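Here are some exercises to work through with the model open beside you. Try each task before you read its solution.

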Amino acid sequence: MTTLARMADHDHAHDDAHQHDLLPMAGEESGGCGDGCACGQPQTALVTGATAGIGHEFARQLASYGWNLVLVARDEKRLTEVAEELHSAYDVNVEVLAADLADPERRAAVAGRLADRDNAVDLLVNNAGFGLKEKFLDNPIAEEQRMHDVLVTAVLELSHAALGVMAERGHGGIINVSSVAAFIPRGTYSAAKAYVNKFSEWAHNEYGPQGVAVMALCPGFTKTEFHGRLGIDRDASAPKWMWLDVERLVADAIKDFEKGRIFSIPSKRYKAMVTVSRVVPGGVKQKLQSLGRK
């Protein structure tokens, strides 16, 4: 049985070691849980951008471990279809919350769900996002702002709502889906992801002692709908060896999260690229920004 499955079925009466494998709890070092301990209760994850790609795979894998879900995406029809699919396949409860996270009112609705202390969320996966194919001055500023709202403002507001409840309960976790682009100058997209990385690192260290784990997942090119929506030819935009399988990506990210890591960088090749990026001059790295845009 996987650690996530063990957590979903966790019961103090049957666990003398009292171990919470995925999400740390306050007070464990002194032999007990915090006031909000959810042991023996179904765990709930809220996943944004849950109808496709990395978000959908997180939802599917969490459901396979017995987690209940709150799914967030713009397309209500597709959300409902995914919810029915996951409920039917894994017999878990699935809520849907249609929201364009570029819309302040809809962000507030999702934040409100995360702040609900009577129906608490144990894990937030901030996955929703999109990119812009053109360079900065070739994009309308309204599109740049919209991307910023989804990649940065939504992560800020949803994390704030979730952390308030999680820190109070002494229990919870956040996975922020960032990108290896955070380590390479690639316009406002990489700037946004660099923010996500720094915010996640800070939050991990700040709220870890209160029982809340925070991690930034930094995938490289992944076989999802992301690039297709931009009108990008996957085969022409980057070498085949750079493309990652989404199922393996998410499975490895969950393992990294369980280990308490601050960053999850998939595959040896991307780990090596990130390591090299720390010593390569910025001007050289900037020449790589055409990758993934053809």
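**Exercise 1: a strand in the interior**

Strand β5 (residues 172-177) is largely enclosed by the rest of the structure, because six of its six residues are buried. Buried means under 20% relative accessible area, exposed over 50%, and partly exposed in between, with a 1.4 Å probe and protein chains only. Strands (E, at least two residues) and helices (H or I, at least four) are DSSP runs numbered from the N terminus.

Before going on, please note that this is a predicted model: local features need pLDDT of at least 70, side-chain atom pairs count only at pLDDT 80 or more, and totals for chains, interfaces and linings use all residues. Residues are numbered from 1 along each chain as its sequence is written, and side-chain values use heavy atoms, with hydrogens and water left out.

Task: find which residues cover each face of β5.

Solution. Step one: on one side, take Gly172, Ile174 and Asn176, which are buried. Step two: turn to the other side, where Gly173, Ile175 and Val177 are buried as well.

**Exercise 2: neighbours in the sheet**

Task: place β5 in the strand order of its sheet.

Solution. Step one: write out the order of the open, seven-stranded sheet, β3-β2-β1-β4-β5-β6-β7, with parallel pairing. Strands pair if DSSP finds at least two bridges between them. Step two: mark the edges, β3 (94-98) and β7 (263-264), each of which pairs on one side only. Step three: look at β4, which runs parallel to β5 and is joined to it by four bridges; here Leu124 stands opposite Ile174. Step four: look at β6 (residues 212-217), parallel to β5 over six bridges, with Met215 opposite Ile175.

**Exercise 3: the helix that follows**

Task: which handedness does the unit of β5, α6 and β6 have, and what do the ends of α6 say about its span?

Solution. Step one: the β-α-β unit of β5, helix α6 (residues 187-207) and β6 is right-handed, meaning that, with the strands pointing away from the viewer, the path from the first strand over the helix to the second runs clockwise. Step two: the expected span is 1.5 Å times one less than the number of residues, so the 21 residues of α6 should span 30 Å. Step three: compare the end C-alpha atoms of α6, which are 30 Å apart, in agreement. Step four: list buried residues of α6, among them Tyr189, Val196, Phe199 and Ala203.
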